[in-house]
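The following paragraphs lead the reader through selected parts of a protein model. Please keep the sequence and the three-dimensional view at hand while reading.

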Amino acid sequence: MDRASRGLPLLISRLDKDYAGKAGPRPVLRGIDLEVEAGAFITLIGPSGCGKSTILRLVAGLDRDYSGSIRVGEAPIRGPDLSRGMLFQEHRLFPWLTVRQNVALGAFHCGLAPAAVDALVRELLERVGLAHAADLFPSQLSGGMAQRASIARTLAGQPRLLLLDEPFSALDAFNRLALQLELERLWQRTGITMILVSHDIEEAAYLSDRIVVLEADPGRIRTVVENPLPRPRDRVSPAFNAIKARLFEALHVDTGAPFAVPTDPAPEEAIP
Amino acid sequence: MSMEVSSGGLAPPGAAEAPRAVPSRAGTLSHPANWRRAASHVASVVAPVALPLLLLGLVASAWEAMAVALHSPLVPHLPEIGKELARIFRGGHFFGEMAVTLLRVGAGFTIAFAVAVAAGIAMGRQKTVAHFLEPAIIVGLTVPGLVWALLCVIWFGIGLTGAAVAVALSIAPALLLNILQGVRAVDAELLEVAAMLRLPLRKRLACLWLPSLMPALLGGARLGLSLAWKVVVLVELFGLSSGIGYQLNSEFGAQNVAGVIAWTLGFAAVMGVLEYGVLAQLEHHLMRWRRTAQV
Ligand SMILES: Nc1ncnc2c1ncn2[C@@H]1O[C@H](COP(=O)(O)OP(=O)(O)O)[C@@H](O)[C@H]1O
Ligand SMILES: [Mg+2]
């Protein structure tokens, strides 16, 4: 499958979602409208509890109790499907299976011949840098390795839309940066549509074409920040900082800057 | 499946116990830390064998002391018990009887285990099933094994069926309770992953339910076996003409205390082999993925 046809588009319209509360239903999402073209990389960002994970779970098909419409590709959502892969903050590997067995499970539904599964698993482990750890159990992996294994398992299902629920937020800074880079490369190579949930402004600015800022109670879209910076992106460039500044502003975060945060990159160039 | 580590420079944190040559001054034997490590290594090998033997020795000594002090035929000396042991083991007599009893326990245990796993998963997943079956568990737990033994001898007469049903009825409630707790503890996040990966039921059972339930199943197996012995002996005592329970009863009829003790000891030894030799090894193998605390 060539790059352009790999990704699936996502169209969410007038999405409402309630959770049962003590005093009747509690509104969690209200009037979410979101269009993600095939192969785009978007990030959902917003305060804790604003419903980011809920959106991903609905798109994944893990929860089908909502009103409004969610369409991935041509078809409406009818439960989980391998074409929509999901990564969680925790690696969620099966602790009693080795890395190799965990990754193979990701392709089980495809019904490949055992030899083809073996080859696929080997290739994926190679790609995420875990070829040497194939026969270890998850308890023997570091956090970064476990999350890599989890990525390999999800990729084994040949997803065309990847839902990433803060997958790097439990990692240390070095692993986080490395995995962000690898995720960007994967996206560029495959063209899988990416929907990332993050509370890391820098991560959002580095990875995404568009950042959807949500607010809570009930969860709704506050604003959308376009991020047209060319790739590879320079995390310390003034233009990059300008995007970050716009995100801080959209999230109403006080950056501690003595003056209004400049949206024009020029004045910051002198700062070492 | 072996757990070898390819030479990728990455050592599993759990497998670092093999002695390693450290090319530094701290590597010499005179270093106190190394002595301590060597000592704890020896202790970890010897203790699991030595400590149980120590306990057995102490109990035997106390018994012999009691026999000497009381000087009564009700408390036979160790050599008398030894003689009885030699008698019952001669010509494979003991093992023949033990095999008969084991078959009865095995049959009852298998029935109870299968029923408990199926009912446990159903109860854990469906509230209506749980409400429906809960009274059965509570009643089952309170009925003494003796009652099941009597009833089954009356209902089924003498034979394998009666013994197996009595065993199954007495251990199923405890097993079920154990498994039910295991089912409720199954990781909801992994259930979600199984749904995301679209694993079919067969694969879900093999890769998620069975391994998740393994601690509860092993715990249940231990508990179930220990209860099963007590009941099967009763059934054999009331209605059967073979097996350990029957032999115990005939020694009792002959007022041969040493004989009763000898049969009991042989029986306990087989239990011990089952527990340490089979169940513990099985557990060690099945739970090898679990991280062992290093402190
Ligand atoms: N299964 C659930 N039952 C009831 N309420 C839930 C459930 N899951 C999430 N919520 C509530 O929905 C809101 C949004 O949750 P979530 O989507 O996890 O937020 P976020 O990922 O943005 O932090 C929260 O207020 C949370 O308490
Ligand atoms: Mg969340």
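At 57% relative accessibility, G256(A) counts as exposed, because the threshold for that class is over 50%. This glycine belongs to the segment that comes after helix α8 (238–250) of chain A. Its C-alpha is 44 Å from that of V99(A), and the two residues are 157 positions apart in sequence. The model under discussion is a predicted one.

A contrasting environment is found in chain B. E236(B) has a relative accessible area of 0% and is therefore classed as buried, the limit being under 20%. The residue is part of helix α8 of chain B, which covers residues 201–239. What does the side chain of E236(B) reach at 2.7 Å? The partner is the backbone nitrogen of G245(B). A polar contact of 2.8 Å also links the side chain of E236(B) to the side chain of R104(B). When neighbours within four places in sequence are set aside, the residues in contact with E236(B) include T101(B), S242(B), G243(B), I244(B) and Y246(B).

The strands of chain A may be taken next, beginning with β7(A). This strand spans residues 161–165, and 5 of its 5 residues are buried. L161(A), L163(A) and D165(A) point one way from the strand, while L162(A) and L164(A) point the other way. On one pairing, β7(A) is matched in the parallel sense with β6(A), residues 84–87, over 4 bridges. Within β7(A), L164(A) is the residue that stands opposite L87(A). A further parallel pairing, with 5 bridges, connects β7(A) to β8(A), residues 193–198. Here L163(A) stands opposite I195(A) of β8(A). Together with helix α6 of chain A (residues 173–190), β7(A) and β8(A) form a β-α-β unit that is right-handed.

Strand β9(A) covers residues 210–215, and 6 of its 6 residues are buried. From this strand, R210(A), V212(A) and L214(A) point one way, and I211(A), V213(A) and E215(A) the other. Its pairing with β3(A), residues 41–45, is parallel and comprises 4 bridges; in β9(A), I211(A) stands opposite T43(A). Its pairing with β10(A), residues 220–226, is antiparallel and comprises 6 bridges. T223(A) in β10(A) stands opposite V213(A). The hairpin made by β9(A) and β10(A) has 4 residues between the strands, and D217(A) adopts a positive phi near 55° there.

The path now leads to the interface of the two chains. The size of an interface is often given as the accessible area lost when the parts come together. Between chain A and chain B, about 2900 Å² is buried, with 70% of it on carbon and sulfur atoms. Chain A contributes 32 residues to the contact and chain B contributes 29 residues. There are 6 residue pairs in polar contact across the interface, both members being at pLDDT 80 or more. The salt-bridge rule finds 4 cases between the chains. One of these joins R92(A) to E189(B), whose closest N and O atoms are 3.6 Å apart. On the side of chain A that touches chain B, at least two residues each come from α2 (52–60), β6, α3 (99–106) and α5 (143–156). Strand β6(A) thus appears in two settings: it supplies residues to the side that touches chain B, and it pairs with β7(A).

Notes. Residues numbered from 1 in each chain as written. Chains lettered and ligands numbered in written order. Heavy atoms only, no water. Buried < 20%, exposed > 50% of the residue type's maximum accessible area, 1.4 Å probe, protein only. Pairing = 2+ DSSP bridges. Right-handed = clockwise from strand over helix to strand, strands pointing away. Contact = heavy atoms within 4.5 Å. Buried area = accessible area lost by both parts, 1.4 Å probe. Salt bridge = Lys/Arg side-chain N within 4 Å of Asp/Glu carboxyl O. Polar contact = N/O pair within 3.5 Å; in protein donor to acceptor, adjacent residues only side chain to side chain.
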